[in-house]
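Work through the exercises below with the model in view. Try each task before you read its solution.

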Amino acid sequence: MARLVEAPHVLLGVPATVAAPELRAAFLRLTKQFHPARYARFSPEVVKMANEVFLTIKRAHDQLLTGINRAAGIPTRAHSASSGPYQRASTAAGSPAPPPTSPAPTRAPPST
């Protein structure tokens, strides 16, 4: 496993100087083949192994994609459990902000 992480392009079956579209295609091909959901009906040991293989593929993809983005000058951002597009904004006191409200739709009076 350690050797595969040292050379992520070998794991994904792409050249070391791969472009982003080819990297994505290789990642999707391997994802379809080794996704843990395909092995859900197997024994727990097989499910665990499929999960580990999938996570290794994902780490290799992320490592190569980060390198491609850095080479292209695209800034990368750190991912964390507390950040993301669905994170609710907090108020200054640290309590969560109330959800946004929208005005109730109005109906035109029925014509007579």
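Contact here means heavy atoms within 4.5 Å. The model is predicted: local features need pLDDT of at least 70, side-chain atom pairs count only at pLDDT 80 or more, and totals for chains, interfaces and linings use all residues. Residues are numbered from 1 along each chain as its sequence is written, and side-chain values use heavy atoms, with hydrogens and water left out.

**Exercise 1.** Place Ala-26 and decide: is Ala-26 buried or exposed?

Step 1. Find the helix. Ala-26 lies in helix H3, residues 20-34. Helices are DSSP runs (H or I, at least four residues), numbered from the N terminus.

Step 2. Check the accessibility. Ala-26 has 5% relative accessibility, so Ala-26 is buried. Buried means under 20% relative accessible area, with a 1.4 Å probe and protein chains only.

Step 3. List the partners. Leaving out residues up to four places away in sequence, Ala-26 touches Leu-12 and Val-14.

**Exercise 2.** How are H3 and H4 oriented to each other?

Step 1. Take the axes, lines fitted to C-alpha atoms over the stretch in contact, with angles from 0 to 180 degrees between N-to-C directions. The axes of H3 and H4 come within 10 Å and cross at roughly 175 degrees.

Step 2. Apply the cut-off. Angles over 145 degrees count as roughly antiparallel. H3 and H4 are therefore roughly antiparallel.

Step 3. Inspect the contact. Residues of H3 including Leu-23, Phe-27 and Leu-30 meet residues of H4, among them Ile-57, Leu-64 and Ile-68.

Notes: Helix = DSSP H or I, 4+ residues; strand = E, 2+ residues; numbered from the N terminus. Buried < 20%, exposed > 50% of the residue type's maximum accessible area, 1.4 Å probe, protein only. Parallel < 35°, antiparallel > 145°, perpendicular 65-115°, else oblique.
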